[in-house]
Amino acid sequence: MTSVKTPADEAEARAVQDELRTRVVLDEAGPAVGRGLIAGVDVAYDDERDLVAAAAVVLDAATLEVVEEATAVGHVSFPYVPGLLAFRELPTVLAALDALSAAPGLVVCDGYGLAHPRGFGLACHLGVVTGLPSIGVAKNPFTFTYEEPGARRGDAAPLVAADGAVVGRALRTQDGIKPVYVSVGHRVSLDNACAQTLALSPRFRIPETTRHADSLCRRALREAS
DNA sequence: GCGACAG
DNA sequence: ATCTTGTCGC
């Protein structure tokens, strides 16, 4: 059973990130591509009713078939503040992950990991509190910059922070389609994170894990009373 | 000081 | 994130 404390304010949230960031493990390669179980997580909001629904969908890495699904519904406990997304999403996401019958070998998050103002995005936070290998695959470049990668699937370019540090990679998952933004979460190398992302995106821009989790959390939100 | 800014 | 049908294209 894992959980995330809800900070009283933004300053406290940043302090929590600064403390937890020291626990991120970056010297492991991560699971082999195409083997084991991979979970995708995502959340949907209903600000009117103050609800948040999270979904965790587990795929067989070899076939990309769904093998298990879990959802959780809760109340919005923190506002959306760029850089503090984890405090808004993780409490419910962790509840959904806890409902799975078996721990996955990798968790794919909808957002960033190391590519973050304090080097501790959503994917790092999830990895540290669960102990599971994790990566972040975001749909937007946030505050980072990159040179346009080649036009073919698999082409990539470094994702760079304002200070010049490479914090991830802009990765083209489909020919001629806008890239996704991959960064390391916990216990996975950037090369492996990109290889995993490509393997999970054989047909669409967004990884199958995230696609399944996205549709499931929306359904869970609709069916929430 | 004023924006910009993952979801 | 969310408001949102049909439609253009492979």
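Here are four short exercises with worked solutions on this predicted model.

Before you start: residues are numbered from 1 along each chain as its sequence is written, and chains are lettered from A and ligands numbered from 1 in the order in which they are written. Because the model is predicted, local features need pLDDT of at least 70 and side-chain atom pairs count only at pLDDT 80 or more, while totals for chains, interfaces and linings use all residues.

**Exercise 1. Trace the open sheet from edge to edge.**

Step 1: Get the order. The open sheet has eight strands in the order 3-2-1-4-5-8-7-6, with mixed pairing. Strands (E, at least two residues) and helices (H or I, at least four) are DSSP runs, numbered from the N terminus, and two strands pair if DSSP finds at least two bridges between them.

Step 2: Find the edges. Strand 3 (66-75) and strand 6 (156-160) each pair on one side only.

Step 3: Check the twist. Neighbouring strands are turned by 25 degrees against each other on average, direction ignored. Axes here are lines fitted to C-alpha atoms, for helices over the stretch in contact, and angles run from 0 to 180 degrees between N-to-C directions.

Step 4: Look at one pair. Strand 1 (residues 37-46) and strand 2 (residues 51-60) run antiparallel and are joined by ten bridges; Val43 stands opposite Ala54 there.

**Exercise 2. Work out what surrounds strand 8, and whether it is buried or exposed.**

Step 1: Take the two partners. Strand 5 (residues 134-138) runs antiparallel to strand 8 with five bridges, and strand 7 (residues 166-171) does so with three.

Step 2: Zoom in on Tyr181. This residue of strand 8 has Ala138 opposite it, and Ala170 stands opposite it too.

Step 3: Add the helix. Helix 3 lies across strand 4, strand 5 and strand 8, at about 25 degrees to strand 8.

Step 4: Conclude. Seven of the seven residues of strand 8 (residues 180-186) are buried, so the strand is largely enclosed by the rest of the structure. Buried means 20 or more other C-beta atoms within 10 Å of a residue's own; 12 or fewer is exposed, and in between is partly exposed, with C-beta atoms placed from the backbone.

**Exercise 3. Describe the setting of Ala115, then of two residues with positive phi.**

Step 1: Place Ala115. It sits in the loop between strand 4 (106-109) and helix 3 (122-130), and is buried, with 28 other C-beta atoms within 10 Å.

Step 2: List some contacts (C-beta atoms, placed from the backbone, within 7 Å). Leaving out residues up to four places away in sequence, they include Phe142, Leu159, Val167 and Tyr181.

Step 3: Move to Phe142. It lies in the loop between strand 5 and strand 6 and has a positive phi of about 55 degrees although it is not a glycine. Phe142 counts as buried because it has 20 C-beta neighbours inside 10 Å.

Step 4: Try Arg187. Its phi is near 60 degrees, and it belongs to the loop between strand 8 and helix 4 (190-199). Arg187 has 22 C-beta neighbours inside 10 Å, so it counts as buried.

**Exercise 4. Characterise the surroundings of DNA strand B.**

Step 1: Count the neighbours. 17 residues surround DNA strand B, with Leu85, Gly111, Tyr112, Gly121 and Lys139 the closest; near means a C-beta atom, placed from the backbone, within 6 Å.

Step 2: Sort by class. There are nine nonpolar, six polar and two charged residues. Ala, Val, Leu, Ile, Met, Phe, Trp, Tyr, Cys and Pro count as nonpolar, Asp, Glu, Lys and Arg as charged, and the others, Gly among them, as polar.

Methods:
Contact = placed C-beta atoms within 7 Å.
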